[in-house]
Amino acid sequence: MNYQGLKLEKGMYNVSSKSFTKVLEELDPSKNYENTDISGLDAYQRQLKRYDIKVSGANSDTVEKFFSTTNAAVLFPEYISRAVHQGISDVTTLDDIIATKTKIEGMDYRSITSSLPERGVRVEQVLEGSNIPVTKINLQTNLIPLKKRGRVLEATYESIRYQRLDLFTVTLKQIGAYIAKAQLRDAVNVLLNGDGNNNASVKLGVATVDTLTYNDLLKLWDNFNEYNFNTMLVSPDAFMKLLAISEFRDPATGLNFQATGKLSTPMGASLIRSTAVPANHIIGLDKNFALEMVSAGDIEIEYDKLIDKQIQRAAVTATTGFAKIFKDATVALNISTAG
């Protein structure tokens, strides 16, 4: 079916396990447009082109362009969803600390855990006829708590109908930024305190309260067993104390920051400064094994209200939770506590 003749309806937002764009793609596959002047556009973008709706740039259309026809109005919730997603992507550091993402249907979810050799246990060769060491994989005892985060979009259609979509997108991206920051706080809490399955992080103190030395960082690094200390989440006040350590004044660190915008440590770990981390805390982790992000569906939007121009009090939410995969892949250092 050509994208020009596709019938759009509200029900496309209510198909189990499928996003609006995925439903569109099944009806109007992008592969049908290879080697054409619109190759590279996904099914939703082709619908924007169909109704000549420009959502970005100095010449973007106004909000009311979405409501020029009943069909075009169905595209409005997906526009909001994409703008919120963009806001999440612009500010989130979750991808830098998450090992894997899991999407589920419903609200009940148990993660898994497995056993690894204890610290100091040698990994011996498996001789002929001998038993191969066992790694046991089990379901966690308790469900992973999921939290709904979001904002209510409160506006009348009359108040926004003449607003340029480019400007309206900025407001929607701010909603995404709020969701991302709330999710990061949830993730940090699980890294520190566990997910309810007796897997809180090892918590260390420093040699002298309220001061930080390179030896304290070596102590943090030494507490990693079978994992790599490759990421540090740092509160703003702890970040300033880090930068005061002479080992962090390596010119190569500054050059790397100028080139990539990312700071690294003398141990090779990436450094992430975040207000989501409690004061005076440094969280060290192996980002490849520490944390699982669990999402119940995608961004949820009250699509029926938006399509019917009942924008006031329309909720935009995301339901997520975080699970510790391996407890020992995270170690925390509290600068206000003596070790």
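Let me start at arginine 313, which sits in the loop between α10, residues 303-307, and β12. Before going on, I should say that this is a predicted model. Arginine 313 has a positive phi of about 65°, although it is not a glycine. As background, most residues other than glycine have a negative phi. Asparagine 35 is also listed with a positive phi of about 65°, and it is not a glycine either. Asparagine 35 lies in the loop between α1 and α2, the latter being residues 43-50. Its relative accessibility is 80%, so asparagine 35 counts as exposed.

Now the chain as a whole. It has 10 helices and 13 strands. The C-alpha trace spans about 70 × 55 × 40 Å along its principal axes. There are 339 residues, and 43% of them count as buried. The chain exposes about 17,900 Å², with carbon and sulfur atoms supplying 49% of that area. Take the contacts between residues at least 6 apart in sequence: 79% of these join residues at least 24 apart.

Next, the pockets. How much space lies in the largest pocket? The volume is about 710 Å³. The lining of this pocket consists of 27 residues, and those nearest the centre are Tyr13, Lys18, Gly297, Asp298 and Ile299. At least two lining residues come from each of α1 (20-27), α4 (76-91), β1 (100-104) and β11 (300-301). Which element gives the most to this lining? That is α4, with 4 residues. By residue type, the lining of the largest pocket has 10 nonpolar, 10 polar and 7 charged residues.

The second largest pocket holds about 340 Å³ of space. It is lined by 18 residues, and His85, Ile88, Lys101, Met293 and Ser295 are the closest to its centre. Two or more lining residues come from each of α4, β1, β10 (291-296) and β12 (314-324). So that you can place them on the model, α4 and β1 are elements that also supply at least two residues each to the lining of the largest pocket. The lining of the second largest pocket divides into 5 nonpolar, 9 polar and 4 charged residues.

Let me turn to one helix, α7, which covers residues 214-222. Which of its residues are buried? They are Asp216, Leu217 and Leu220. Looking down the axis of α7, these buried residues fall within an arc of 100°, so they line one face of the helix. In general, an α-helix has 3.6 residues a turn, so residues three or four places apart point the same way. What do the buried residues of α7 pack against? Their partners are strands β5 (202-206), β6 (231-234), β9 (281-285) and β13 (330-338), together with helix α8 (236-243).

I will finish with three single residues. The first on my list is leucine 94, in the loop between α4 and β1. Is leucine 94 buried or exposed? At 3% relative accessibility, leucine 94 counts as buried, because the cut-off for buried is under 20%. Setting aside neighbours within four places in sequence, leucine 94 is in contact with Gln183, Leu184, Ala187, Met293 and Phe322. One of these, alanine 187, is 93 residues away along the chain, yet the two C-alpha atoms are separated by 8.0 Å. Another of them, Met293, is also among the residues closest to the centre of the second largest pocket.

Serine 274 is in the loop between β8, residues 270-273, and β9. Its relative accessibility is 7%, so serine 274 counts as buried. With neighbours within four places left out, serine 274 is in contact with Leu184, Val234, Ser235 and Pro236. Leu184 is also a contact of leucine 94.

The last residue is glycine 150, in strand β4, which runs over residues 147-153. At 24% relative accessibility, glycine 150 counts as partly exposed. Beyond its neighbours within four places in sequence, glycine 150 is in contact with Tyr178, Ile179, Val316 and Thr317. How far is glycine 150 from lysine 54, going by C-alpha atoms? The separation is 26 Å, and the two residues are 96 apart along the chain.

How values were computed:
Residues are numbered from 1 along each chain as its sequence is written. This is a predicted model: local features need pLDDT of at least 70, side-chain atom pairs count only at pLDDT 80 or more; totals for chains, interfaces and linings use all residues. Side-chain values use heavy atoms; hydrogens and water are left out. On a 1 Å grid over the protein atoms alone, a cavity is a set of points where a 1.4 Å probe fits but cannot get out, and a pocket is an open set with protein on both sides within 12 Å along at least five of seven lines; lining residues have an atom within 4 Å of a point. Grid points are joined across faces, edges and corners, and a volume is the space filled by probe spheres set on the points. Ala, Val, Leu, Ile, Met, Phe, Trp, Tyr, Cys and Pro count as nonpolar, Asp, Glu, Lys and Arg as charged, and the others, Gly among them, as polar. Buried means under 20% relative accessible area, exposed over 50%, partly exposed in between (1.4 Å probe, protein chains only). The arc is that of the directions from the helix axis to the C-beta atoms. Contact means heavy atoms within 4.5 Å. Accessible areas come from the Shrake-Rupley method with a 1.4 Å probe; for residues, only the protein chains shown count as cover.
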